[in-house]
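Biologist: I am new to this protein and would like to walk through it with you. Could you show it to me, and then let me ask how you arrive at your descriptions?

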Amino acid sequence: MNSFSLRWSVAALAAVSLLAACGERTPDVPGQRTMATGDVQKAALATYVKPGDLDEYYLFYSGGHSGQVSVAGVPSMRHIVTIPVFAPYPGTGYGFDEESRRMLGAFTWGDVHHPAASKTDGDYDGRWLFVNDNANNRIARIDLRDMKTRQILGPIPNTMGNHGSSMVTNNTEYILVATRFSTPLAGRYEPLEQYATLYKGAVSGIKVDSATGTMSVGWQIMTPPFNWDLGATGKGPSNDWAFWTSYNSERATGKLEVTSAQRDRDYIAVVNWKNAERAATGNATTVSAGVRVIDPARAPGVMYLLPCGKSPHGVDVDPSGEYVVCSGKLQPTATVYSFAKIKEAIDKRDFEPEMEDGIPVIKYNSAVVMEVPVGLGPLHTQFDGKGFAYTSLYVESAIAKWKLPPYAANVDPKSLVVDKIAVQFNIGHLVTSHGDTRRPRGDYMIAMNKMSKGRHLNVGPSQPESSQLITIGGAKMEMIYEAFTDPEPHFAQLIHRDIIKPIEFYPRSESRDRNAIWAPDGARVTRNAARRTVEGNVYAIRSYFEPGRIQVQQGDTVILHITNAEQQRDEIHGFGVVGYNKNIVMDPGETKTLRFVADRAGVFPYYCTNFCSALHQEMQGYLEVMPTGRRLTMYDASGVMRIDGRAAARGVAAANARRTPAGSLD
């Protein structure tokens, strides 16, 4: 390059840089992308995670009626994995092995709404993630050590629509849940005409074992027949308390969009869960469907009601634990209550003259601090830990950033809204980084939008939902990326990667499964002729199964315990049976059980369904289902099957031991 060309190139580059820095767009080149503007450059740099680099945050978001939980990385917004919870998922064999089938029971779907991470001292501790099932009244625990569902509790008795869930107390003593639909307790029948008096709601304390995370139903509080919506647990001064919104305080039936919007205000339930825990052992309880149910009218100090804006959705507690924010969908404000004022009103019995089923109603003006005019259709609020709150506005398709108390005397409420950003479109929930803990990080926020009209390539009538990434570190909110998800995310947890420490394989030393085998000569198949069962321990390793042949009689129940003996990350093996609609997947070091009835005669190959090595295709065997009346040939008199390939397998195993970790054949 001569000196003129060099000077021209430098000048051109400087001009382009100047245009970009000024936020101006260079001319389009037909058929090509345009040069980035300053804003685009900034957003691209903020979200770009180059190949091989890691995201800063885990985003766990609900899969709605898919019944699953999705995991994405932030800021890239790339989908990383789907964690199956309430529905089968062939990709990981969930719902096909005996263990997960037992957890799912007879249900084939769930309606996941609100994931909540376990906490210690009010902040995420990276142990578990709890998710509710709005449809079938259950709650599940995902172990974040291996990102797998480990327990499904339920259906929870006296619960119809587990929507006001999952709310974790500050040291994960309880998961607090509330019913959406009121019904007669204990599943009994009462005519709908008796709704106002004979139907009841319930708030439940799901007790969590601090060491194992195992959940059990602790106690329940019987409530008036309102529809309970969202909830939040207290922090700091409000640590022992929980809050839920409700609608339909009219106790109406029929077209609720009309019948339940007659009163000017609905209620927040203000519950002292520590008092409920104590009351559950006292005389103010009855046993319903096997659970001790507290009547709050007979147990003072357990439950109060607090008026709030009509038809509320979200109620949220700020990081200090002092301020409670409620938003009524039909009132364009976020209402701020002082917990100190709530406590003072309770102590002074500053209640309305009329109670609801014997439950005291705190006077609104005794607890309220401010009604902040955030905009139309406020739903849900999160926090940044810097004194600001962020409220989603469904009708307005926007998010309002506004200042939390304390406020100056005679402050203009309009001045408290300091920023607003449009989203596309109709936002429901939003989440900020660590936004429901005592220590929010204050850098990212995700808007979870219900509709995404025209924001992506047309994929037919069923459009994906929109999730938009917004930075909140500066004075102004800035949208820097959007991604699309399967229907329908409701809420999420945005947790820093340093908090979560997943394992990469199950260490053999930790295996407690009595059916696990760790060498090919441990493989064994036994048939109990009297019970018509065939039970086998199958060894799986790159690139074969031992045994490679299993013989059963038509009509036998087949029970196979399959151990993936690998001790290296990402060496996963599947076990699919062709023609039998069966597939399970074992992670390294994991043993799973497959059970089915061999009701069709024939020869059915089984094979590894998860690519594992260069000889993945060779990892296969045969299930021989002998027709009824034809004699089995491979079993001795004690019912033990001869495994002809064992010696050969030992030779292959020795060869495997010499392989590199990546599974190459050199």
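**Spaces, bridges and strands**

Modeller: Let us start inside: β4 (116–120), β8, β12, β18 (312–317) and β22 (378–383) each supply at least two residues of the lining of the largest cavity. Of these, β12 gives the most, with four residues. Please keep in mind that this is a predicted model.

Biologist: What makes the space a cavity, and how much space lies in it?

Modeller: A cavity is a place where a 1.4 Å probe fits but cannot get out. The largest cavity holds about 280 Å³ of space, and the structure has one cavity of 30 Å³ or more. The lining has 23 residues, and those closest to the centre are M167, G231, A232, D436 and F491.

Biologist: How do the residues of that lining divide by type?

Modeller: There are 10 nonpolar, nine polar and four charged residues in the lining of the largest cavity. Glycine counts as polar here, so G231, one of the residues closest to the centre, belongs with the polar ones.

Biologist: And what makes a space a pocket instead?

Modeller: A pocket is an open set of points with protein on both sides within 12 Å along at least five of seven lines. About 540 Å³ of space lies in the second largest pocket. Its lining counts 20 residues, with D229, H313, K329, L379 and K450 the closest to its centre. Two elements, β12 (227–233) and β26 (427–432), give two or more residues to this lining. By type, the lining of the second largest pocket has seven nonpolar, eight polar and five charged residues.

Biologist: Why is the contact of K42 and E478 called a salt bridge?

Modeller: The rule asks for a side-chain nitrogen of Lys or Arg within 4 Å of a carboxyl oxygen of Asp or Glu. For K42 and E478 the N to O distance is 3.2 Å, so the pair meets the rule. This pair links distant parts of the chain, with K42 in helix α2 (residues 38–47) and E478 in strand β29 (residues 478–485), 436 residues apart. By the same rule, the count comes to 32 salt bridges.

Biologist: Why are K42 and E478 called partly exposed?

Modeller: Partly exposed lies between the 20% and 50% cut-offs of relative accessible area. K42 has 49%, so it falls in that range. E478, with 32%, is therefore partly exposed too.

Biologist: How do you know that R549 and E624 form a salt bridge?

Modeller: Their closest distance is 2.1 Å, N to O, and the limit is 4 Å, so the pair counts. R549 sits in strand β34 (residues 549–553) and E624 in strand β40 (residues 620–626), 75 residues apart. R549 is partly exposed at 34% relative accessibility, whereas E624, at 15%, is under the 20% cut-off and therefore buried.

Biologist: What makes β40 largely enclosed by the rest of the structure?

Modeller: Five of the seven residues of β40 are buried, so this strand is largely enclosed.

Biologist: How do you know that β40 pairs with other strands?

Modeller: Pairing takes at least two bridges between two strands. β34 and β40 have five bridges in the parallel sense, so they pair; within them, I550 stands opposite L623. Strand β39 (residues 602–607) and β40 have six bridges in the antiparallel sense, so they pair as well. There, G602 stands opposite V625.

Biologist: Why are β8 and β15 called edge strands?

Modeller: They belong to an open sheet of six strands in the order β8-β9-β10-β11-β16-β15, with mixed pairing. β8 (162–168) and β15 (285–288) are its edge strands, for each pairs on one side only. Inside the sheet, β9 (residues 174–179) and β10 (residues 201–208) pair in the antiparallel sense over five bridges, and V177 has S204 in β10 as its bridge partner.

Biologist: One last question: why is R542 called buried?

Modeller: Its relative accessibility is 7%, and buried means under 20%, so R542 counts as buried. R542 lies in the loop between β32 (533–541) and β33 (544–546). R542 and A614 are 72 residues apart in sequence and 9.1 Å apart in space, C-alpha to C-alpha.

Note on methods:
Residues numbered from 1 in each chain as written. Predicted model: local features only at pLDDT ≥ 70, side-chain atom pairs only at ≥ 80, totals over all residues. Heavy atoms only, no water. 1 Å grid on protein atoms, 1.4 Å probe; cavity = no way out; pocket = protein on both sides within 12 Å on 5 of 7 lines; lining within 4 Å. Points joined across faces, edges and corners; volume = space filled by probe spheres on them. Buried < 20%, exposed > 50% of the residue type's maximum accessible area, 1.4 Å probe, protein only.
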